[in-house]
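Trainee: May we go through this protein together? I would like to ask about whatever catches my eye.
Mentor: Certainly. Please bring up the structure and begin wherever you wish.

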Amino acid sequence: TPSALKPPEVPLHEDDDLIDLDDAVPSLGVVIPVFDNGIPGDAVRVTFDGKIQPLQPTDGKTAVIVDVPFLDVKGTDPGPKDVTLTYEILREGKPYPEGTAVPLKVDLSIAGPVNAEPDPELGNPNLTKLIVKGSTGNDKLVEADVGNDIEIDLTIYTGYKDGDIVDLVWEGVKVPPPSGQYEVNGTEPAGFKIPFKLPKAVFLASGNGI
């Protein structure tokens, strides 16, 4: 069985003992340390303030980063508040919990004048809408799409600048580069399509009926 489980780590909390707005937008990174007796097929399940996060595969040999989305960090109260963080390893459906409930302090409130930036909860109105190009139509994936990387149609937004980083997010988790991350170089023409693809492994791992 999985053994020598260690408490989860939140590097941005450890910096100053606080999770603030900059730490939580667009997500908060939680690090699950390595453990003993891991095998392929194991999975990590993180619970942040009672909110269960999507499973992440692990074999125990390398640390796993779980990105907790802003909405789950905020919950119904931007703070200041105290929350707890836990995780467990799942093997063949059976949970093996790490017993430490790590306490965290969260304060996503904004002091001073009203924040002029787009609200992460509502989304950024300056970004263009993406289209998932399934084999039977837009924004629908079916059995025939299994085994293929999925094309993403996304026109670059206005006001882009050299050095901007654009991330593709699937089920609340960032898709790894190069398929899911694009660095803007500032020379893209108007109407430029960001070269995103949804890898077949990412699509398949999320399951059916979603």
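Trainee: Which residue in β7 stands opposite L90?
Mentor: That residue is P95. Please keep in mind throughout that this is a predicted model.

Trainee: How many bridges join β6 to β7, and in which sense do the strands run?
Mentor: There are 10 bridges between β6 and β7, and the two strands run antiparallel. Strand β7 covers residues 94–106.

Trainee: What is found between the strands of that hairpin?
Mentor: The hairpin of β6 and β7 has 2 residues between its strands, and E92 takes a positive phi near 55° there.

Trainee: Which other strand pairs with β6?
Mentor: Strand β2, residues 42–48, pairs with β6 in the antiparallel sense, over 6 bridges. In β6, L85 stands opposite F48.

Trainee: Is β6 mostly covered or mostly open?
Mentor: Strand β6, which spans residues 81–91, is mostly covered, with 8 of its 11 residues buried.

Trainee: You mentioned F48. What does F48 touch?
Mentor: Leaving out residues up to four places away in sequence, F48 touches L28, Q53, V68, D72, V73, V83, T84, L85, L104 and V106. F48 also belongs to the largest nonpolar core, which has 24 residues. Within that core, the residues that touch the most other members are I19, I32, F48, V73, L85 and L104.

Trainee: Which elements supply at least two residues of this core?
Mentor: They are β1, β2, β5, α3, β6 and β7, where α3 is the helix at residues 70–74.

Trainee: What other core lies apart from the largest one?
Mentor: Another core, of 16 residues, lies apart from it, and L168, F196, L198 and F203 are among its members.

Trainee: Let us change topic to pockets. What is the volume of the second largest pocket?
Mentor: Its volume is about 580 Å³. The lining consists of 20 residues, and those closest to the centre of the pocket are L55, Q56, P57, V173 and K174.

Trainee: Which elements give two or more residues to that lining?
Mentor: Four are listed: β4 (56–58), β5 (64–69), β13 (173–174) and α4 (200–205). Of the elements, β5 gives the most, with 3 residues.

Trainee: And how many of the lining residues are nonpolar, polar or charged?
Mentor: The lining has 13 nonpolar, 3 polar and 4 charged residues.

Trainee: K174 made me curious about S27. Which residues is S27 in contact with?
Mentor: Setting aside neighbours within four places in sequence, S27 is in contact with D67, V68, P69, F70 and K174. S27 is found in strand β1, which covers residues 27–32.

Trainee: Why does S27 count as buried?
Mentor: S27 counts as buried because its relative accessible area is 14%, and the cut-off for buried is under 20%.

Trainee: What about unusual peptide bonds? Where is P26, and what is the bond from V25 to P26 like?
Mentor: P26 is found in the loop between α2 (21–24) and β1. The peptide bond from V25 to P26 is cis, with omega near 0°. The bond from P177 to P178 is also cis, with omega near 5°. P178 has its place in the loop between β13 and β14, the latter being residues 181–183.

Trainee: Back to phi. What is the phi of A4?
Mentor: A4 has a positive phi of about 55°, although A4 is not a glycine. A4 is found in the segment before α1 (11–16).

Trainee: Why does A4 count as partly exposed?
Mentor: A4 counts as partly exposed because its relative accessibility is 40%, and that class lies between 20% and 50%.

Trainee: And where is D49 found?
Mentor: D49 is found in the loop between β2 and β3 (51–52). Its phi is near 55°, a positive value in a residue other than glycine. At 29% relative accessibility, D49 is partly exposed.

Trainee: Finally, the whole protein: how many helices and strands does it have?
Mentor: The protein has 4 helices and 15 strands. Of its 210 residues, 32% are buried. Along the principal axes, the C-alpha atoms fill a box of roughly 50 × 50 × 30 Å.

Technical notes: Residues are numbered from 1 along each chain as its sequence is written. This is a predicted model: local features need pLDDT of at least 70, side-chain atom pairs count only at pLDDT 80 or more; totals for chains, interfaces and linings use all residues. Side-chain values use heavy atoms; hydrogens and water are left out. On a 1 Å grid over the protein atoms alone, a cavity is a set of points where a 1.4 Å probe fits but cannot get out, and a pocket is an open set with protein on both sides within 12 Å along at least five of seven lines; lining residues have an atom within 4 Å of a point. Grid points are joined across faces, edges and corners, and a volume is the space filled by probe spheres set on the points. Ala, Val, Leu, Ile, Met, Phe, Trp, Tyr, Cys and Pro count as nonpolar, Asp, Glu, Lys and Arg as charged, and the others, Gly among them, as polar. Buried means under 20% relative accessible area, exposed over 50%, partly exposed in between (1.4 Å probe, protein chains only). Contact means heavy atoms within 4.5 Å. Two strands pair if DSSP finds at least two bridges between them. A nonpolar core is a set of buried Ala, Val, Leu, Ile, Met, Phe, Trp, Tyr and Cys residues joined through side-chain atoms within 4.5 Å.
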